[in-house]
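Visitor: I would like to learn how to read a model of several chains, going slowly from the whole to the parts. Could you take me through it one feature at a time?

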Amino acid sequence: MMSRSNMTKTGLFKLAALPLMMGLSSSAIAEQDNKVKPELTPCYAKGLDDRLLCGSIKQPVSDNPADGEIDIHFAIIPAIKPSKPEEAVLGFAGGPGQSATELAAIFDRNLRYARESRDILLVDQRGTGKSNKLQCEGVDLISQFELNDLTEDMDTFAKEETQKCKDELNTDLSHYSTVAAAKDFDAVREALGYKGLHLYGVSYGTRIAQEYTRQFPDSVITSTLDGVVPMQQSLTAIGKAIDDSMNALFDRCETDANCSENYPNLKANFYKLLEQLDDQAIETTVRHPRTHKKINLVLTKMKVFSTVRMALYSHTTRALVPLAISEALNGDYSPIVGLLSSTDMMDSMAMGMHSAIVCSEDWPSLTDVSRSDHGEAYLGRMMIEGFDIACPIWDAKPVDKSFYEPVKTDIPTLLLSGGLDPATPASWAEMAMVEMSNAKHLVSESATHGVVSQTCAANIVGKFIDSNGSEELDATCLEKDNRKQFFMNLNGVALHTDSGSESSEKE
Amino acid sequence: MISVNNLEKKIGSVKAMNNLSFTAQNGKITGLLGPNGAGKTTCLRTVFGLLKADSGNAEIDGIDVAKEPMAAKQKLGLFPDPCGLYERLTPREYIQFYAELSGMETDAAKAATQDVLSKLKMDDIADRRCQGFSQGQHMKTALAQAIVHKPTNIILDEPTRGLDVMSTRILRELLLMLKEQGHCVLFSSHVMQEVAALCDHVVVMAKGQVVAEGSPAELCERTGKESLEEAFIELIGSDEGIAA
Amino acid sequence: MMKLLSVLFKKEVLDASRDKRSVMAGLYYAIGTPIIMCLLFSVMLKQFASAEDLKITIKNPEQAPNLVQYLESKEIVHGTGEDVKDIVLEISDDFAVKMSEGRPATVTVIADKSNDKLRKSISRLERSLARYNSEVAGLRLLARGVDPTLMRAVDVQVHDQATPDSKGGMFLGIATLSIVLTLFYAAMNLAIDTSAGERERNSIALLLSHPISTLQIVLAKSGAIATFSMLGLALILVVSKFAYGMVPWEQLGFSVNLSIEFMLFCFVIGLPIALMSASLQVFVSFMAKSFKEAQTYVTMVLFVPMGLSMVTTYDIATDVVQWLPIAAQQYAMIEFIKGNDIPVAQLALSTLVTLGLFGVLSYLSSRMLKSEKVVFGL
């Protein structure tokens with residue numbers, strides 16, 4: 001630019017100077033590129049020995065520049081042998097509210113085959129992890145044990161808590177919807193220079209993966225959805241899945257000789273227990289699961305149901321459910337306390353971001369029909385009640401109606417469902433794929449939520465990604481039954497067989 | 001001209017050269033005659049500069065081999081015994097290599113090589129590898145190497161050893177040709193006929209000493225024998241009687 | 001001087017290049033070694049990676065159906081027939097009773113631990129049993145209202161500084177070992193042929209009778225040998241790059257990647273070694289009295305660099321050894337591949353020593369060629 005006048009004067013040199021000018025300008029662009037390319041620093045994630053690369057990019061909070069910027073943090077699990085340097089697997093965490101980078105160890109394990117030749121990219125979705133985590137002070141285990149959610153002023157209490165959290169965060173949650181977040185992911189992709197991505201989403205992560213596919217189809221090579229949440233479906237519909245998964249457990253106990261003998265009428269007993277609690281919470285003293293101090297426990301229907309519900313997610317804890325129910329009926333709440341003990345481990349979940357998603361996506365779409373339908377299940381009803389209290393306070397802008405349309409795409413998509421999933425049943429995946437022309441749905445009958453973690457599916461996903469979705473997948477190994485036997489007593493699955501053991505117990 | 005002056009050398013306890021002196025003139029073929037173990041090869045190797053004498057010296061055109069080996073060797077063509085060729089090279093490559101080693105520029109070496117190849121009528125084998133050469137071809141190649149850089153002096157150590165009749169003839173013609181051209185040719189041999197037929201001057205050696213020298217006719221005359229062979233036997237067999 | 005040197009050098013290279021058998025021997029080494037090693041590695045990796053069903057004999061399974069099922073989920077099953085490993089898992093008769101009483105229930109692993117073929121399977125079984133142990137123990141605590149994480153007093157987090165490129169440790173050692181040894185073996189036959197062979201064929205006397213110094217002869221010969229060594233090095237680097245690229249290392253969680261930069265690095269630090277190796281072999285060959293003897297001696301002498309290289313490969317080098325030639329250069333190669341800092345001091349010193357050895361050995365060889373005994377093999 002500076003030399004323009006010079007160049008017109010000395011027109012002869014113009015042509016000769018041209019290649020140099022181009023060289024200069026292109027190097028200027030290259031330099032700019034370097035500037036945009038985020039700085040990567042070595043870092044580590046919990047439970048994963050390998051050295052990762054971490055970095056962040058700045059993203060506008062909204063279309064309005066006055067809202068400022070947000071740092072979107074990400075981590076790269078480097079490929080073992082980077083033979084596909086222009087590709088990466090983008091992992092989406094669930095929740096909503098979990099941090100993808102904090103779950104790096106799990107993503108690394110689930111995507112180990114894909115990692116052999118390409119990077120795994122984990123981005124903390126806005127509002128989670130290091131990307132401006134929207135988190136309010138949680139309730140500690142003691143208060144949680146003490147809390148009686150049946151009292152009259154519970155609604156007021158919930159309202160106060162929500163308001164307090166909202167004031168604390170002082171953020172407009174409308175900017176934290178799935179729609180807004182999808183753009184961050186693509187900005188990270190572009191900044192890192194990946195040409196194409198293989199998506200891998202679990203649970204809520206499948207929703208953001210689908211939204212990403214809708215907004216940036218050209219960036220997606222394949223998409224793997226594990227425990228699928230269809231765009232058309234509100235999370236409040238989860239109640240029915242919980243009931244189904246629970247009934248499957250009860251049925252299994254009934255058909256199992258030992259279980260039905262040891263825990264007769266398990267299902268009836270469970271509802272008997274809930275019924276008892278419906279009227280009157282049980283107040284008792286228990287040992288703190290870690291400190292062993294005596295603490296108060298107010299056992300309500302909500303707590304018992306939630307405890308059993310959470311136990312349904314894993315085969316290991318499912319093994320304890322019959323024991324926990326029958327002991328509770330007998331007045332021993334130890335197994336319930338044990339199962340409850342992990343509840344204050346929920347720190348990692350960003351509840352503010354969680355609320356942003358459900359209040360702008362799942363709550364506004366509820367109709368009278370869906371309310372009564374989802375409300376048929378106990379937990380669905382509870383969820384709707386909770387949203388009805390919290391969401392008006394959060395006041396997040398509802399997403400556009402088009403958000404609820406099924407994703408229409410011909411990108412190779414692999415959907416995975418667990419037959420015992422207490423959250424996202426196989427029928428949801430069928431709903432999600434109605435407009436997907438190149439989709440495969442695999443169901444592992446004995447899996448719960450998150451098929452890849454529990455089964456041989458990591459191998460299948462590896463092949464799916466490696467072949468860009470073209471290979472015929474052999475899913476026979478998904479048929480393997482990996483359920484565990486129920487605990488018959490506090491010590492394990494074996495039954496007391498003879499009285500001789502009783503006498504030796506006394507010695 | 002090659003002159004050997006008072007060379008002395010001990011190898012182990014044996015005196016290989018014992019006050020050895022003689023001269024080979026330009027334009028003449030000088031033969032070094034002696035029985036096996038007389039010290040012929042030791043003498044010639046000393047002239048090559050391969051061995052060091054304990055005392056005395058060898059001069060090539062007046063240049064002391066021990067003091068100025070480079071200068072002396074440039075005036076010298078060698079045909080050692082035994083003379084191994086590089087079997088994987090062709091005669092042309094082999095000869096040119098030695099021409100360059102003797103100090104010729106590449107182009108000059110190339111021309112000289114072609115020259116010597118035609119002179120020795122070797123064009124038919126010039127570009128074949130030396131491996132599997134007949135004795136005659138082998139000898140020709142070795143000789144070509146010795147004369148390619150046109151040295152005034154040429155030394156041949158037992159050049160006829162193992163040669164057939166045809167090859168011997170060729171060699172003889174070559175030596176005569178060199179003599180014609182005014183070279184100083186010195187060769188060692190233990191074959192009487194060769195020496196008798198070729199040499200202008202014969203140096204008879206035994207036990208590291210010169211026992212007699214002169215033309216073949218002179219030697220016969222001195223010993224009073226008909227043939228050189230008998231003269232030779234007379235000379236070396238009666239070393240007691242021969243005074244220095 | 002330089003002119004004569006280059007005439008000599010050219011002749012040596014020409015002569016050597018026509019020595020088909022020796023050249024091929026070098027080529028076979030440079031091409032064959034990486035390919036054979038990669039084939040072996042592939043077979044080995046296949047054994048490592050395939051977590052096939054482990055078939056063992058389980059006695060008394062009816063006592064512990066849950067344990068049997070757990071092992072099954074880890075692909076350890078009771079089997080019959082030929083491919084059953086010689087491992088017996090004997091479940092005690094009172095297993096169920098002990099289990100329900102909360103006492104340790106005994107299972108016995110019966111196997112020969114000195115049997116290399118079984119060792120991996122045994123530890124796999126033991127690992128699975130340990131996991132079952134902690135799973136049951138965790139549930140027992142949970143059932144008693146105790147958080148099972150209490151059992152984990154210390155949360156050990158490991159921050160591994162390794163990169164996928166550096167994890168190949170032993171394999172990198174072997175890869176660099178073969179690369180370094182090329183500099184010694186690729187031109188070994190040529191080295192013997194051009195020195196002991198030349199003497200045996202009676203062509204050295206004529207060469208020595210020419211107006212050139214013995215040092216020039218030795219340098220030209222070493223130079224020619226080093227040229228072929230470097231050719232071998234270039235070849236093995238290229239072949240290795242492709243051969244190692246074919247081995248599915250990534251299945252074991254690391255990669256062995258010979259970058260262009262690494263190849264250039266090897267080439268640069270390999271040159272002094274090639275010169276030293278050539279002068280060493282020439283020296284030893286001239287020391288020997290005959291061609292056969294030279295072959296024996298050279299082979300024996302090459303155990304020294306091989307030893308130094310092995311010491312680095314198997315990582316048993318002491319601090320002192322790491323400063324020695326060959327060992328230091330190979331160590332630098334490994335560090336270069338791993339992407340670590342190159343030990344500059346060691347590398348510089350050992351390179352200087354290597355060049356020094358080249359000088360000394362060349363000088364000694366040239367001295368030897370002045371000796372009548374050596375020249376005529378007396």
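**Reading the chains, the sheet and the helices**

Guide: Of the two pairs of chains that touch, chains A and C have the most contacts between them, where two residues are in contact if their C-beta atoms, placed from the backbone, lie within 7 Å. This is a predicted model, in which local features need pLDDT of at least 70 and side-chain atom pairs count only at pLDDT 80 or more, while totals for chains, interfaces and linings use all residues. Residues are numbered from 1 along each chain as its sequence is written, and chains are lettered from A and ligands numbered from 1 in the order in which they are written.

Visitor: How many residues does each chain bring to the contact of chains A and C?

Guide: Chain C brings 35 residues and chain A brings 38 residues. On the side of chain C that touches chain A, α3 (65-73), α4 (95-101) and α5 (116-143) of chain C each supply at least two residues, and α5(C) gives the most, with seven residues. Helices here are DSSP runs of H or I with at least four residues, strands are runs of E with at least two, and both are numbered from the N terminus. By class, that side of chain C has 14 nonpolar, 14 polar and seven charged residues; Ala, Val, Leu, Ile, Met, Phe, Trp, Tyr, Cys and Pro count as nonpolar, Asp, Glu, Lys and Arg as charged, and the others, Gly among them, as polar.

Visitor: How far apart are the closest C-alpha atoms of chain A and chain B?

Guide: They lie 45 Å apart, and no contact joins chain A and chain B. Chain B does have a contact with chain C, which takes 24 residues from chain B and 19 residues from chain C. On the chain C side, α1(C) gives the most, with five residues, and the classes there are nine nonpolar, four polar and six charged.

Visitor: What does a record add about chain B?

Guide: UniProt, in an unreviewed entry, places the feature "domain: ABC transporter" at residues 2-232 of chain B; such positions are given in the numbering used here, feature names are shortened, and annotations may be inferred rather than shown by experiment. Over residues 2-232, chain B is 39% helix and 26% strand, with its end C-alpha atoms 23 Å apart.

Visitor: Now the sheet of chain A: in what order do its strands lie?

Guide: Strands pair if DSSP finds at least two bridges between them. In chain A, nine strands form an open sheet with mixed pairing, in the order β1-β2-β3-β5-β4-β6-β7-β10-β11. The edge strands are β1 (41-45) and β11 (439-444) of chain A, each of which pairs on one side only. Within the sheet, β7 (residues 220-226) and β10 (residues 413-418) of chain A run parallel and are joined by four bridges, with Thr224(A) opposite Leu414(A). By contrast, β1(A) and β2 (residues 48-60) of chain A run antiparallel, also with four bridges; these two strands form a hairpin with two residues between them, and Gly47(A) in the turn has a positive phi of about 80°.

Visitor: How should I describe two helices that pack together, and which residues of α7(A) and α8(A) meet?

Guide: Two packed helices are described by the angle between their axes and the distance between the axes. Axes are lines fitted to C-alpha atoms, for helices over the stretch in contact, and angles run from 0 to 180 degrees between N-to-C directions. The axes of α7 (residues 178-192) and α8 of chain A come within 9 Å and cross at roughly 70°, so these helices are roughly perpendicular to each other, a word for angles of 65 to 115 degrees. Among the residues that meet are Thr178(A) and Phe185(A) in α7(A), and Arg207(A) and Gln215(A) in α8(A).

Visitor: At what angle do α9(A) and α18(A) pack?

Guide: Helices α9 (residues 238-255) and α18 (residues 378-394) of chain A pack at about 150°, with their axes 6 Å apart. That makes α9(A) roughly antiparallel to α18(A), the term for angles over 145 degrees.

Visitor: Which backbone angles deserve a second look?

Guide: Most residues other than glycine have a negative phi, and most peptide bonds are trans. Asn6(B) has a positive phi of about 50° although it is not a glycine, and this residue lies in strand β1 (residues 2-11) of chain B. The peptide bond from Gly95(A) to Pro96(A) is cis, with omega near -5°.

Notes. Angles under 35 degrees count as roughly parallel, over 145 as roughly antiparallel, 65 to 115 as roughly perpendicular and the rest as oblique.
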